[in-house]
Amino acid sequence: MNNISLSHTWAMRLWFLALAAVIIFFHLIPLETTPRRWAPPDLLIAFTLAWVLRRPDYVPALSIAAVMLMADLLFQRPPGLMAVLVVLGCEFLKNRANSHGETNFVVEWFNVCVVIAAITILDRLILTVTLVDRAPLSLHLIQMVLTMAVYPLVALVTQTILGVRKLSPGNSDALGSR
């Protein structure tokens with residue numbers, strides 16, 4: 001039984017890496033050649049936060065850091081900045097979820113919105129302090145609001161289609177904890 005749950009955990013970890021690769025791939029496809037006046041939601045962050053809140057054992061901090069660092073390099077952002085901010089946000093949500101136990105979706109969505117806002121503000125602040133060129137503030141705000149708005153849909157897809165569900169209180173995960 002333990003080997004089955006351990007292999008399932010590793011399979012889901014690989015599914016997360018595959019999902020991240022697909023999101024990055026579609027983000028890199030040049031669908032438009034003219035600059036847009038709006039920024040699409042950051043689905044990579046939204047899916048990462050949804051997976052972390054449902055099953056933290058499927059997305060360890062090292063794989064989050066690797067995925068986000070790869071995204072930083074491919075999207076030509078400052079290397080490691082978004083990776084550090086997302087890992088810190090995910091660890092905050094993991095600790096918050098563990099301390100509060102079972103919460104309803106509105107509280108989860110509020111916590112995710114706070115983390116997305118903190119990631120956006122800290123990213124913008126650090127880029128400003130280090131004098132790095134950045135996109136207009138309106139694009140960052142549009143992306144932040146759209147990411148917050150799309151999170152319920154991402155959580156629904158994560159739970160129903162991808163099968164990443166929260167553990168019920170009676171179940172134990174692959175590590176043997178409750």
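**A walk through a six-helix chain**

Set aside the neighbours of Thr48 within four places in sequence, and Thr48 is in contact with Phe16, Ile64, Val86 and Cys90 (contact means heavy atoms within 4.5 Å). Thr48 is a friendly place to start. Its place is in helix α2, and at 1% relative accessibility Thr48 counts as buried. The accessibility words used here are buried for under 20% relative accessible area, exposed for over 50%, and partly exposed in between, with a 1.4 Å probe and protein chains only.

Before going on, a word about the model itself. This is a predicted model, in which local features need pLDDT of at least 70 and side-chain atom pairs count only at pLDDT 80 or more, while totals for chains, interfaces and linings use all residues. Residues are numbered from 1 along each chain as its sequence is written, and side-chain values use heavy atoms, with hydrogens and water left out.

Now step back to see the whole chain. What does its secondary structure come to? The chain has six helices and zero strands, and reading along the sequence gives the pattern α-α-α-α-α-α. Helices (H or I, at least four residues) and strands (E, at least two) are DSSP runs, numbered from the N terminus. The chain has 178 residues, of which 37% count as buried. Look also at how the chain comes back to itself: among contacts between residues at least 6 apart in sequence, 74% join residues at least 24 apart. One pair of residues to pick out by eye is Leu62 and Val87, which are 25 residues apart along the chain and have C-alpha atoms separated by 8.6 Å. Leu62 belongs to helix α3 and, with a relative accessible area of 71%, is exposed.

The aromatic rings are the next stop. How many aromatic pairs does the structure hold? There are five, where rings of Phe, Tyr and Trp (its six-membered ring) pair if their centres lie within 6.5 Å, and planes under 30 degrees apart count as stacked, over 60 as edge-to-face and the rest as tilted. Take Phe16 and Trp51: their ring centres are 5.5 Å apart and their planes are at 50 degrees, so this pair is tilted. The pair links distant parts of the chain, with Phe16 in helix α1 and Trp51 in helix α2, 35 residues apart. Phe16, already met as a contact of Thr48, is buried with a relative accessible area of 2%. Trp51 is buried as well, with a relative accessible area of 1%.

Another pair is formed by Phe105 and Tyr151, whose ring centres are 6.1 Å apart with planes at 5 degrees, so the pair is stacked. Phe105 lies in helix α5 and Tyr151 in helix α6, so the two rings tie together parts that are 46 residues apart in sequence. Are these residues buried or exposed? Phe105 is partly exposed, with a relative accessible area of 30%, whereas Tyr151 is buried, with a relative accessible area of 0%. Return to Phe16 for a moment and you will find a cluster: ring pairs link Phe16, Trp51 and Tyr58.

Helix α6 also holds His140. At 14% relative accessibility, His140 counts as buried. Leaving aside neighbours within four places in sequence, its contacts are Thr120, Asp123, Arg124 and Ala135.

Next, look at two of the loops. Gln76 sits in the loop between α3 and α4, and Leu131 in the loop between α5 and α6. Gln76 has a positive phi of about 60 degrees although it is not a glycine, and Leu131 likewise has a positive phi of about 60 degrees without being a glycine. Gln76 is exposed, with a relative accessible area of 74%, and Leu131 is exposed, with a relative accessible area of 75%.

Finally, turn to the empty space. The largest pocket holds about 1,300 Å³. Its lining has 43 residues, and the closest to its centre are His27, Ala39, Pro40, Phe75 and Gln143. On a 1 Å grid over the protein atoms alone, a pocket is an open set of points where a 1.4 Å probe fits, with protein on both sides within 12 Å along at least five of seven lines; lining residues have an atom within 4 Å of a point. Points are joined across faces, edges and corners, and the volume is the space filled by probe spheres set on them. Which helices take part? α1 (2–28), α2 (43–54), α3 (61–74), α4 (81–100), α5 (105–129) and α6 (137–160) each supply at least two residues of the lining, and α1 gives the largest share, six residues.
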